[in-house]
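Please read the following explanation alongside the sequence and the coordinates, which are shown just below. The paragraphs lead from a single helix outward to the chains and the DNA.

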Protein chains: 2
Amino acid sequence: MMKREKNFPRMAEVAKLAGVTVMTVSRALRSPAKVAPDTLARIHAAIERTGYVPNALAGALSAGGGGKTITALIPTVQHAIFADTITGLSAALRPEGYHLVLGETGYRSEEEDALVAAFLARRPEGFLLTGVTRSLRTRDLLKRANVPVVETWELTNTPIDMVVGYSNEKAAHDMTAWLAGRGYQRIAFVSGPSRNNERARRREIGYRRALKELGLPALKIFTIGAPAAPQVEDGAAILPEVLAEKPDAIFFTSDIYAVGAIQEAKRRGIAVPKELGIAGFHDLAIATVVEPALTTVHVPGREIGYIAGRNILARIKGEPAPQLSAIPFAIVARDSTK
Amino acid sequence: MMKREKNFPRMAEVAKLAGVTVMTVSRALRSPAKVAPDTLARIHAAIERTGYVPNALAGALSAGGGGKTITALIPTVQHAIFADTITGLSAALRPEGYHLVLGETGYRSEEEDALVAAFLARRPEGFLLTGVTRSLRTRDLLKRANVPVVETWELTNTPIDMVVGYSNEKAAHDMTAWLAGRGYQRIAFVSGPSRNNERARRREIGYRRALKELGLPALKIFTIGAPAAPQVEDGAAILPEVLAEKPDAIFFTSDIYAVGAIQEAKRRGIAVPKELGIAGFHDLAIATVVEPALTTVHVPGREIGYIAGRNILARIKGEPAPQLSAIPFAIVARDSTK
DNA sequence: CTGTTAGCGCTTTCAC
DNA sequence: GTGAAAGCGCTAACAG
């Protein structure tokens, strides 16, 4: 056994100080009702004096269960929308005393694979994963572990365990159709990096389907490089390229890009929404701050997290939980479109 | 022992399948060089077949050490600025294979106390805490545990262990003085909830000190209610009240509020920055999107997280790490001030 | 109400 | 290069 400088008193020390055995201390902590009041008092005093903090690792090992933790893997904490999901999840878990362990995958699926394995090693009681596409190995690991898993932010008929999300394809389709309904004819589409982002891919599919249904021209599709997290400047930078396609509207897969594009359009003296309509995705706070305010798809980030949390908790308690929960998105019309 | 539905294969099953003892499997995982190549191959095959994922709880218990995790406690993931700190911390930890466990305190110190105890129970290798004021009990617990602790986002001469931050007092002082230098005379100050937010309190002190030094009038100080996380609308809502003090500039302790105030001022036909200068704090993305763009204090959130991570890692390895790291802030002049 | 006996799944000696 | 014994800190089950 390796020597560590760390210095945690163990239960045995508390027990000795209180003049009882460890078993009584253990009970005092987990079912105080079964311990005599004065013994309890002595034990509490001893805990206070020693600064004892139970070793949850040992406890979990012994009790054969996890330490009341749920693991969530999101692409990045930078994106406010995933932050919302975390907040929703937190809100669901807190009342039940569960803790949240967070991992950032940086939108990289290899990183996700590595994190799932690493976190599985800690035997969490449940998992929240972003998206529904992942390596077979990871799916397999999670299935075998037989731990509640919620995949989020998209829908699928073949979840590992449960899904809570919305259809990105339908959302993009609906926004495209909505833009067409406002009279836009040449609708361009600008996506974030789609290599490891199925949500971006699905949105593109929805956009294409809408164009086809409506008989609108298919413009060149643009993809923004691959920074870890989207930046406002990226949207500004790509605008000139997109304008070469002579669009009368541009649909961005993130508000962040759309805001950058609005700013750049203004700098270039292009009238938004008259000459050029601009739409985003996510409905971030920034969407109402930019001028003109951004038309966008409101996406239920917080609700996804909350429902996912409730579902995981239900599964843990052996209660039934839906395999698929579809949460509605909504198109929010503002001033960046006619 | 409680029966769980979970279904993790143990090392013993892998060992049996590979025709060796658990000890050899353990070695294959931790020091493969000490195991014969063909044995190693059989073991890996067995791991693959069983879907074995080591139980880090047991491993840590046995090895007497933690499972390579660092715990970070921040007020909220909603605030982009703390998200930056998390990103910086992540970046520092990842190369060394450390994992990040995140807790949200919701700006409540009782919650922080509870979380410190709960996380300490999991025996992390280090802690990142936001702010430098906390209960004696928590300080004591952390000191006794003798685990690397970095307090952040403020400076102090009496850290539990280490501090990485900047002086909120000086930052607010400097911004106030800067505003005065631009010709503003009646500078109002609007703070977020300060009850459990020492950073807000220190900023207020800095503001007051600057006024006194400059001989400027002390206006009434405004405090925005207590939502979990700041909202743009809060800044808009408080503007009328503040205007009653006839300020020629308003300094908000968060960009979020400042942006709301700019929007509200525009709605009311007040010219920013001519009639009213507005300044914020944090330098969020939103600061460059609002019109006029917001003058603010740029705060080194990401650097704080990164340096904190490096310091914790250094301490773990027994290398020296500075007790205090002061990271510079900067005043960013934009168009919301003359 | 409290103590005793096992044992969670793994790693650390120390043998062979 | 591999194994056997012991134990990490705690809790379940059964006594008493």
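What should the 14 residues of helix 8 (residues 168-181) of chain A span at 1.5 Å a residue, and how far apart are its end C-alpha atoms? In this predicted model, the expected span of helix 8 of chain A is 20 Å, and the end C-alpha atoms are 20 Å apart, so that expectation and model agree. The buried residues of this helix are A:N168, A:E169, A:A171, A:A172, A:H173, A:M175, A:T176 and A:L179. A general property of helices helps in reading such a list: an α-helix has 3.6 residues a turn, so residues three or four places apart point the same way. The cover over the buried residues of helix 8 of chain A includes helix 9 (198-214) as well as strand 6 (187-191), strand 8 (249-252), strand 9 (277-279), strand 10 (296-298) and strand 12 (330-332) of chain A. Just after helix 8 of chain A, the backbone at A:G183 takes a positive phi of about 100°.

The domain assignment of chain A places these elements in a wider frame, giving domain 1 (11-50), domain 2 (67-166 + 301-329) and domain 3 (168-298). Taken over C-alpha atoms, the centres of domain 1 of chain A and domain 2 of chain A are separated by 37 Å.

Strand 5 (residues 162-165) of chain A contains A:G165, a residue that counts as buried because 27 C-beta neighbours lie inside 10 Å. Leaving aside residues up to four places away in sequence, A:G165 touches A:T152, A:W153, A:E154, A:L155, A:I304 and A:I327. By contrast with these contacts, consider A:R195, which is 30 residues from A:G165 along the chain, with 20 Å between the two C-alpha atoms.

One of the contacts of A:G165, namely A:W153, deserves a second look, since its phi is positive, at about 75°, although A:W153 is not a glycine. A:W153 lies in the loop between strand 4 and strand 5 of chain A, and is buried, with 26 other C-beta atoms within 10 Å. A:N146 is likewise not a glycine and has a positive phi, of about 60°, and its place is the loop between helix 7 (136-145) and strand 4 (149-152) of chain A. Is A:N146 buried, exposed or partly exposed? With 13 other C-beta atoms within 10 Å, A:N146 is partly exposed.

A further backbone feature is found in each chain. The peptide bond from A:E291 to A:P292 is cis, with omega near -5°, and A:P292 belongs to the loop between helix 12 (286-289) and strand 10 of chain A. In chain B, the bond from B:E291 to B:P292 is cis with omega near -5°, and B:P292 sits in the loop between helix 12 and strand 10 (296-298) of chain B.

How, then, are the chains arranged with respect to one another? A turn of 180° and a shift of 0.1 Å along the axis lay chain B on chain A with an RMSD of 0.1 Å, and the two copies are therefore related as by a two-fold rotation axis. The same surface serves both copies, in that 100% of the contact residues of chain B recur in chain A.

The contact between the chains takes 51 residues from chain B and 51 residues from chain A. On the side of chain B that touches chain A, the elements giving two or more residues are helix 4, helix 5 (80-93), strand 2 (99-104), helix 6 (109-120), helix 7 (136-145) and helix 12 (286-289) of chain B. Helix 4 of chain B supplies the largest share of that side, with 6 residues. By residue class, the side of chain B that touches chain A divides into 31 nonpolar, 11 polar and 9 charged residues.

Both chains also contribute to the surroundings of the DNA. Of the 30 residues around DNA strand C, those that come nearest are A:S62, B:M11, B:S26, B:A58 and B:S62, and the residues of this surface divide into 17 nonpolar, 9 polar and 4 charged. Around DNA strand D there are 28 residues, of which A:M11, A:S26, A:A58, A:S62 and B:S62 are the closest. At least two residues of the surface near DNA strand D come from each of helix 1 (11-18), helix 2 and helix 4 of chain A, and from each of helix 2 and helix 4 of chain B.

Terms used: Residues numbered from 1 in each chain as written. Chains lettered and ligands numbered in written order. Predicted model: local features only at pLDDT ≥ 70, side-chain atom pairs only at ≥ 80, totals over all residues. Least-squares fit on C-alpha atoms with pLDDT ≥ 70 in both. Contact = placed C-beta atoms within 7 Å. Domains from an automatic or database assignment. Near = placed C-beta within 6 Å. Nonpolar A, V, L, I, M, F, W, Y, C, P; charged D, E, K, R; others polar. Helix = DSSP H or I, 4+ residues; strand = E, 2+ residues; numbered from the N terminus. Expected span 1.5 Å × (residues − 1). Buried ≥ 20, exposed ≤ 12 C-beta atoms within 10 Å, placed from the backbone.
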